[in-house]
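Biologist: Could you take one part of this model and go through it closely, with the cut-offs behind each term?

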Amino acid sequence: MKFIFTLLFISQLLYSNVIDLVKRENNDSNTTLLVIGGIHGNEPGGYFAPAILISHYKILSKNVWIIPNLNKASIMAYKRGVNGDMNRKFATIRKNDKDKEIVQEIKKTILNPKVSLILNLHDGHGFYRRNYDSTVFNPNAWGQTCVIDQCKLETTKEFGELDKIASRVAKHVNSKLLHKKHQFDVRNTKTKFDDEAMQLSLTYFAVTHNKPAFAIETSKNLSSVSQKVYYQLLAIEEFMNIMGIKYKRDFNLTEKEIKQILKEYGKVTINDNITFNLNGIKSYLSYIPLKSKGNEFKFSHPLGAVKKKKGVYTLYIGNKKIAWLKPQYFQLAKDCPESFKFEIDGKEILVPKTAQIDTKKSFKVIPVDGLRVNIIGYYAKGHKNESGLKVTYNKLNKKFSIDKKEKTFRIEFYKDNKFCSMSTVHFK
Ligand SMILES: [Zn+2]
């Protein structure tokens with residue numbers, strides 16, 4: 001990518017906030033598009049597309065609010081709904097339903113007076129056709145449609161012509177098909193009269209509260225996530241055009257470039273004293289200095305999440321498991337330095353405490369009074385503190401590298417056997 005507009009960190013505590021709402025706002029207008037992704041955990045087009053909308057688009061006029069991962073637990077589990085179908089809980093919900101807090105919160109967001117139009121993103125089965133052709137291509141399929149509950153919202157002045165808007169979106173998508181059979185259409189469920197199940201859905205809740213709402217359904221039968229994301233983004237862009245929302249993206253909207261973007265996992269910062277680059281990270285890392293509880297993980301990727309099970313922390317990007325961290329519990333030291341001096345290929349530099357440092361041949365940590373340095377994968381006889389020693393690549397045990405290419409190593413700082421911070425050194 002040529003440049004990245006926003007370096008954003010979504011704070012993701014282990015037992016995290018109810019919904020992650022990212023607001024992209026300008027003060028020229030109150031018109032706001034609300035994009036809701038990930039209501040169903042096994043529909044990756046529906047959550048990777050809004051994640052890209054957050055990290056690779058700049059909104060230049062009006063407002064876009066984005067929730068990339070409404071049903072986080074189900075996304076990590078890659079299931080439609082670990083607590084049942086969340087999209088059937090918008091008419092009534094049981095008191096003890098585990099999705100209750102999320103559903104209440106998203107309802108409140110939908111009803112926010114600022115919100116002008118709502119999109120609920122899905123990957124549906126098959127390819128919708130008006131006439132029956134096969135079990136995959138037929139009128140009961142959801143894939144490749146813009147779904148509306150009814151033709152019009154009589155009382156809503158702006159964007160009330162649901163049918164016309166959906167037709168324009170379908171037309172736009174159809175002008176950029178990757179394959180003819182991917183053709184897009186409008187599917188009107190005529191919810192009020194014909195569809196009891198859909199009366200329980202998010203879009204119907206919105207529509208019955210006079211909020212224009214649409215579902216975008218790409219097909220589960222598309223051959224790759226990049227294709228699903230491609231169609232989701234095409235549809236979202238046309239909604240932005242219809243609403244007069246100006247935007248800029250930092251890539252070409254092609255399947256190939258989306259495929260590249262989907263491989264970017266970004267970074268995670270833990271307790272503000274450890275940073276790992278998640279691209280190319282080994283799938284299993286052990287002896288990670290964490291607190292026994294209350295660890296805070298911040299991901300640069302909007303779909304970054306963590307789950308703790310049997311003492312191991314699993315890091316996710318959407319439904320993808322990226323790494324398992326086996327902790328070694330430490331207390332955190334107080335009053336640690338915010339930066340350190342390193343000698344890199346013979347030249348002294350000052351770096352922040354969680355720096356990711358590049359070197360060609362060697363590095364040396366400049367000693368700090370009262371601090372012990374532990375270089376993971378390095379052993380020097382008679383040295384408990386490994387600062388002040390020149391370390392070359394061949395002195396390091398590659399088994400302890402943190403990346404699959406075995407080029408990156410951990411440098412840990414301790415004070416009175418309490419953990420301060422970790423930097424990493426990468427041999428180019
Ligand atoms: Zn769905």
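Modeller: What follows covers the zinc site and then one buried histidine. The model is predicted, with local features needing pLDDT of at least 70, side-chain atom pairs pLDDT 80 or more, and totals for chains, interfaces and linings using all residues. Numbering starts from 1 along each chain as its sequence is written, and side-chain values use heavy atoms, with hydrogens and water left out.

The zinc ion takes its protein donors (N, O or S atoms within 2.8 Å of the metal, 3.2 Å for Na, K and Ca; water is not among the atoms, so sites may look incomplete) from His40, Glu43 and His122. Each histidine contributes ND1, while Glu43 is listed twice through OE. These donors lie 2.0 to 2.4 Å from the ion. Along the chain they follow the spacing H-x2-E-x78-H. The angles among the 4 donor atoms run from 57 to 154 degrees, and the site is irregular (tetrahedral needs all angles between 85 and 135 degrees; square planar, with four donors, and octahedral, with six, need opposite donors over 155 degrees apart and all others between 65 and 115). Two of the donor residues are buried (under 20% relative accessible area; exposed is over 50%, partly exposed in between; 1.4 Å probe, protein chains only): His40 at 2% and Glu43 at 3%.

His56 belongs to helix α1, residues 45–56 (a DSSP run of H or I, at least four residues, numbered from the N terminus). With a relative accessibility of 2%, His56 is buried. Its side chain makes a polar contact (N or O atoms within 3.5 Å, one able to donate a hydrogen and the other to accept it) of 2.9 Å with the side chain of Asp250. A second polar contact, of 3.1 Å, links the His56 side chain to that of Glu264.

How values were computed:
Helix = DSSP H or I, 4+ residues; strand = E, 2+ residues; numbered from the N terminus.
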